[in-house]
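User: I have a model open and want to know what stands behind the labels. Please take me through the reasoning.

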Amino acid sequence: MMKKLVIGTIFLASLLVSNSYAQQDPLFTHYLQNPIAYNPAIAGTVGGLNLSLLSRHQWIGMDGAPASYSFGAHTPYIKQNMGLGFNMMTDKAGPLRATHITASYAYQITLIEGLKLSMGLKAGVSTYNAKVNGISVIDTTDPEFQSNENRVNPNMGVGFYLYDENNTYYAGFSAPRLIEPKLNKEYRNSGEPYNPQMYLMGGYNLIINHDWVFMPSMLLGIMGGSPMSADVTAQFLYLNKFNFGTHYRAGDAAGLFFNGKVNNDLTLGYAFDFTLNKLSRVNSGTHELMITYTFDDIWNKLKGWKF
């Protein structure tokens, strides 16, 4: 009983200090570089095999501050008008750790000339771990605190994504986690309904001249019983090689980021967030690193391999 009370207290504290647990998904400044983490319908909507790796360390200087890591991959299979994707995401806050592993499938249809709708499904497993054996307690021999709490949960999600073939504008809706985690179910009021996180996203690429493109975008997170999250990003693309801009997360943070192509396939990026709430007094900001790599024309290359 005492163990459950302690875990429940830690879980609630994590909800208060970590956006990622309250919203179920860690939010990255570079959300456009790993979009299938939020919407499975985006799988295969751009050419080539796209790989991305993100690392985010939030609220530097605070003990137990959140840290998030994500790896994503997706590619089209053009002859079947479909896309395939994979994502693995780990989120840590204090003694709690959540890892989500999912595979995505998307099917694209043409609505009118130049305009497509992609419909996606994702399925996988989520693991939740509470390291209670590392918690300082009065009686260190208490058997209830000698082992960690672990939960494994199936997961599935859906998404829709509307885009034009010239990559001018896009909009999407998704619900990536439709099944309630067991850990969440055990430590919330049983009379409260489960409200899955839903996302709305959109953006527009405005060509200014031959060298410059202005690329505003937005990601909204909606979950019943919780405040809506809103990420607004304004970035510029220069010479089709350098991205830089600023973003604002309503009531939480603002920041700057820069991405640059090392070559036609490899891109590196960095973002720094300034905390805007009261936690700004006890931390020195958030750092995020991003790496993406694209294998162009992957299916034709595979056909050309001989074994």
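User: What makes the pair formed by the side chain of Asn87 and the backbone oxygen of Phe71 a polar contact?

Analyst: This is a predicted model, and the distance comes from its coordinates. A polar atom of the Asn87 side chain lies 3.0 Å from the backbone oxygen of Phe71. The cut-off is 3.5 Å between N or O atoms, with one able to donate a hydrogen and the other to accept it. The value of 3.0 Å is within 3.5 Å, so the pair counts.

User: Why is Asn87 called buried?

Analyst: Its relative accessible area is 2%. Buried means under 20%. Asn87 is therefore buried.

User: Where is Asn87 found, and which residues does it touch?

Analyst: Asn87 is in strand β3, residues 82–93. Leaving out residues up to four places away in sequence, it touches Asn34, Ile36, Ala37, Ser70, Phe71, Gly72, His100, Ile101 and Thr102. A touch here means heavy atoms within 4.5 Å.

User: Why is Leu239 called partly exposed?

Analyst: Leu239 has a relative accessible area of 43%. Partly exposed covers the range between under 20% and over 50%. With 43%, Leu239 therefore takes that label.

User: And why does Asn240 count as exposed?

Analyst: The relative accessibility of Asn240 is 53%. Exposed means over 50%, so Asn240 qualifies at 53%.

User: Where do Leu239 and Asn240 lie, and what is the sign of phi in each?

Analyst: Leu239 is in the loop between β11 (229–238) and β12 (242–249). Asn240 lies in the loop between β11 and β12. Phi is positive in Leu239, about 60°, although Leu239 is not a glycine. Asn240 also has a positive phi, near 55°, and is not a glycine either.

User: How much of the whole protein is buried, and what supplies the exposed area?

Analyst: Of its 307 residues, 46% count as buried. The protein exposes about 15,800 Å², and carbon and sulfur atoms supply 64% of that. It has 4 helices and 15 strands. Among contacts with a separation of 6 or more, 54% link residues 24 or more positions apart.

User: What is the average pLDDT, and where is the pLDDT below 50?

Analyst: The average pLDDT is 84, and 80% of the residues score at least 70. Over residues 1–23 the pLDDT is below 50. That stretch still has 50 contacts in the model beyond near neighbours in sequence. Where pLDDT is low, predicted coordinates should not be read in detail.

Terms used. Residues are numbered from 1 along each chain as its sequence is written. Side-chain values use heavy atoms; hydrogens and water are left out. Helices (H or I, at least four residues) and strands (E, at least two) are DSSP runs, numbered from the N terminus. Buried means under 20% relative accessible area, exposed over 50%, partly exposed in between (1.4 Å probe, protein chains only). pLDDT is the predictor's confidence in each residue, from 0 to 100. Accessible areas come from the Shrake-Rupley method with a 1.4 Å probe; for residues, only the protein chains shown count as cover.
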